[in-house]
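Colleague: Hi! Could you talk me through this one, starting with the surface?

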Amino acid sequence: MSGMLTSYLSLAAVLFSIGLYGALSKRNAIIVLLSIELMLNAVNLNLIAFSKLGMNPSIDGQIFSLFNIAVAAAEVAVG
């Protein structure tokens, strides 16, 4: 079970790093917004992984992830 959590967290770290690089290095607003979306998806992956595979599994991480998806949808509407 711990190996699965490690693989999810490493994937989320890679996604977040790619998004951070894109947000800091690009000047195009659309690319920056897409990079921020990538970072938000990495956070969603972390929340759901800890929600399902953490020490105390609960639904709290999934609820926070839904709120995060709502914020991402609002960001797309702004873009």
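Modeller: Happy to. Accessible areas here come from the Shrake-Rupley method with a 1.4 Å probe, and for residues only the protein chains shown count as cover. By that method, the protein exposes about 5400 Å², and carbon and sulfur atoms supply 74% of it. Bear in mind that this is a predicted model: local features need pLDDT of at least 70, side-chain atom pairs count only at pLDDT 80 or more, and totals for chains, interfaces and linings use all residues. Residues are numbered from 1 along each chain as its sequence is written, and side-chain values use heavy atoms, with hydrogens and water left out.

Colleague: Good to know. How many helices and strands are there in the protein?

Modeller: Three helices and zero strands, giving the pattern α-α-α along the sequence. Both are DSSP runs numbered from the N terminus: helices are H or I with at least four residues, strands are E with at least two. The C-alpha atoms fill a box of roughly 40 × 25 × 10 Å along the principal axes.

Colleague: And what percentage of the 79 residues is buried?

Modeller: 23%. Buried means under 20% relative accessible area, exposed means over 50%, and partly exposed is in between (1.4 Å probe, protein chains only).

Colleague: Let's look at α2. Why does its span agree with what it should be?

Modeller: Helix α2 covers residues 29–53. The expected span is 1.5 Å times one less than the number of residues, so the 25 residues of α2 should span 36 Å, and its end C-alpha atoms are indeed 36 Å apart.

Colleague: Which residues in α2 are buried, and what covers them?

Modeller: Among them are Ser35, Met39, Leu40, Asn44 and Ala49. Their cover includes α1 (2–25) and α3.

Colleague: Asn44 caught my eye. Which side chain does it meet in a polar contact?

Modeller: That of Asn68, at 2.9 Å. A polar contact is a pair of N or O atoms within 3.5 Å; within protein, one must be able to donate a hydrogen and the other to accept it, and residues adjacent in sequence count only if both atoms are side-chain atoms. Asn68 sits in α3 (residues 60–78) and counts as buried because its relative accessibility is 11%. Leaving aside neighbours within four places in sequence, Asn68 is in contact (heavy atoms within 4.5 Å) with Leu40, Val43 and Asn44.

Colleague: What about Ser65: buried or exposed?

Modeller: Buried, because its relative accessibility is 3%. Ser65 is in α3 too, and beyond four places in sequence Ser65 touches Asn44, Leu47 and Ile48.

Colleague: Switching to Asn46, which residues does it touch?

Modeller: Leu9 and Ala12, not counting residues up to four places away in sequence. At 26% relative accessibility, Asn46 counts as partly exposed.

Colleague: Back to the surface. Which residues make the nonpolar patch?

Modeller: Phe16, Leu20, Leu24 and Val43, making about 340 Å². The largest share, three residues, comes from α1. Val43 belongs to α2 and is partly exposed, with a relative accessible area of 31%. Patches take residues with over 30% relative accessible area and no salt bridge, joining like charges within 9 Å and nonpolar side chains (Val, Leu, Ile, Met, Phe, Trp, Tyr) within 5 Å. A salt bridge is a side-chain nitrogen of Lys or Arg within 4 Å of a carboxyl oxygen of Asp or Glu.
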